[in-house]
Each structure stands twice: as C-alpha cells, then as structure tokens.
Amino acid sequence: MTDEQMAVLQKFGFREEDGQLKHFKLGIVRQKEVFAGFASTEELQEYARQILRSQCLWKRQE
C-alpha cells in the first residue's frame with residue numbers, strides 16, 4: 001500500500017493496526033490487501049465511501 005493510498009484512507013478515518021485497517025468509530029475492520037488493489041485514488045475513495053455508507057445504513061437499521 002502506498003503512502004498516497006494510506007493518506008486517502010486516513011482522511012476517511014481508517015487507521016492501520018496489526019496489518020489491518022480499522023475505523024474505530026464505526027467498528028469496520030478490513031485487511032490491507034482489500035484496499036491495495038485499486039488502480040487510482042479515485043477508485044479507492046469511492047470504495048471507502050461505499051464501505052462507510054453501508055456501515056452507517058446497517059447501524060441505523062439495528
């Protein structure tokens with residue numbers, strides 16, 4: 001994972017811990033490899049937005 005990719009994910013609230021990326025406020029945990037495969041930062045940003053959006057919608061339904 002590049003520094004640029006990591007900066008994008010940090011902007012969305014993800015932090016690296018034990019080889020995983022975690023969003024502590026929303027309880028999201030993903031392997032770094034999931035995020036590393038994107039060709040552009042725009043695609044990575046969209047994927048991060050989708051994860052956050054899905055998690056927020058799921059938490060509202062609880």
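**Notes on a small sheet and its helices**

1. Let's start in the middle of the chain: strands β2 and β3 pair in the antiparallel sense, over 4 bridges. One of the facing pairs puts Q20 opposite Q31 in β3. Please keep in mind as you look around that this is a predicted model.

2. Now look at the link between these two strands. Their hairpin has 4 residues between the strands, and G27 takes a positive phi there, near 70 degrees.

3. On to the other partner of β2. Strand β2 covers residues 20-23, and 3 bridges join β1 to β2, again with the strands running antiparallel. Here E17 stands opposite Q20 in β2. So what does Q20 face in β3? As point 1 told you, Q20 has Q31 opposite it in that strand. It is a handy residue to click on, with E17 opposite it and Q31 opposite it as well.

4. The hairpin of β1 and β2 has 2 residues between the strands. In this hairpin D18 takes a positive phi, near 55 degrees.

5. Put the pieces together and you have an open sheet of 3 strands in the order β1-β2-β3, with antiparallel pairing. The edge strands are β1 (15-17) and β3 (28-31), each of which pairs on one side only. If you look at how the strands are turned, neighbouring ones in this sheet make an angle of 35 degrees with each other on average, direction ignored. As general background, strands of a sheet pair through backbone hydrogen bonds, either parallel or antiparallel.

6. Next, go to helix α1, residues 3-11. Which of its residues are buried? They are Q5, M6, V8 and L9. These four lie on the same side of α1, because they cover an arc of only 155 degrees around the axis. A general rule helps here: an α-helix has 3.6 residues a turn, so residues three or four places apart point the same way.

7. Turn α1 around and you meet its other face. Turned away from the buried side, this face carries the exposed residues D3, E4 and K11. After α1 comes G13, with a positive phi near 100 degrees.

8. Helix α3 (residues 41-61) holds a residue worth a closer look, Q45. Is Q45 buried or exposed? Its relative accessible area is 18%, and buried means under 20%, so Q45 counts as buried. Leaving aside neighbours within four places in sequence, Q45 is in contact with V8, K11 and F12. You can connect this with points 6 and 7: V8 is among the buried residues of α1, while K11 is on the face turned away from the buried side. Q45 and Q5 are 40 residues apart in sequence, yet their C-alpha atoms are 8.9 Å apart in space.

9. Finally, step back to the whole chain. It has 3 helices and 3 strands, and along the sequence they follow the pattern α-β-β-β-α-α. Its C-alpha trace spans about 35 × 25 × 15 Å along the principal axes. For 62 residues, a compact globule would have a radius of gyration near 11 Å, and the chain agrees with that, at 11 Å.

10. A few more totals complete the picture. Buried residues make up 31% of the 62 residues. The chain exposes about 4,300 Å², of which carbon and sulfur atoms supply 47%. Among contacts between residues at least 6 apart in sequence, 41% join residues at least 24 apart.

Definitions and conventions
Residues numbered from 1 in each chain as written. Predicted model: local features only at pLDDT ≥ 70, side-chain atom pairs only at ≥ 80, totals over all residues. Heavy atoms only, no water. Buried < 20%, exposed > 50% of the residue type's maximum accessible area, 1.4 Å probe, protein only. Arc of directions from axis to C-beta. Pairing = 2+ DSSP bridges. Axes fitted to C-alpha atoms, helices over the stretch in contact; angles between N-to-C directions. Rg over C-alpha atoms; globule rule 2.2 N^0.38 Å. Contact = heavy atoms within 4.5 Å. Areas by Shrake-Rupley, 256 points an atom, 1.4 Å probe, with all protein chains shown as cover.
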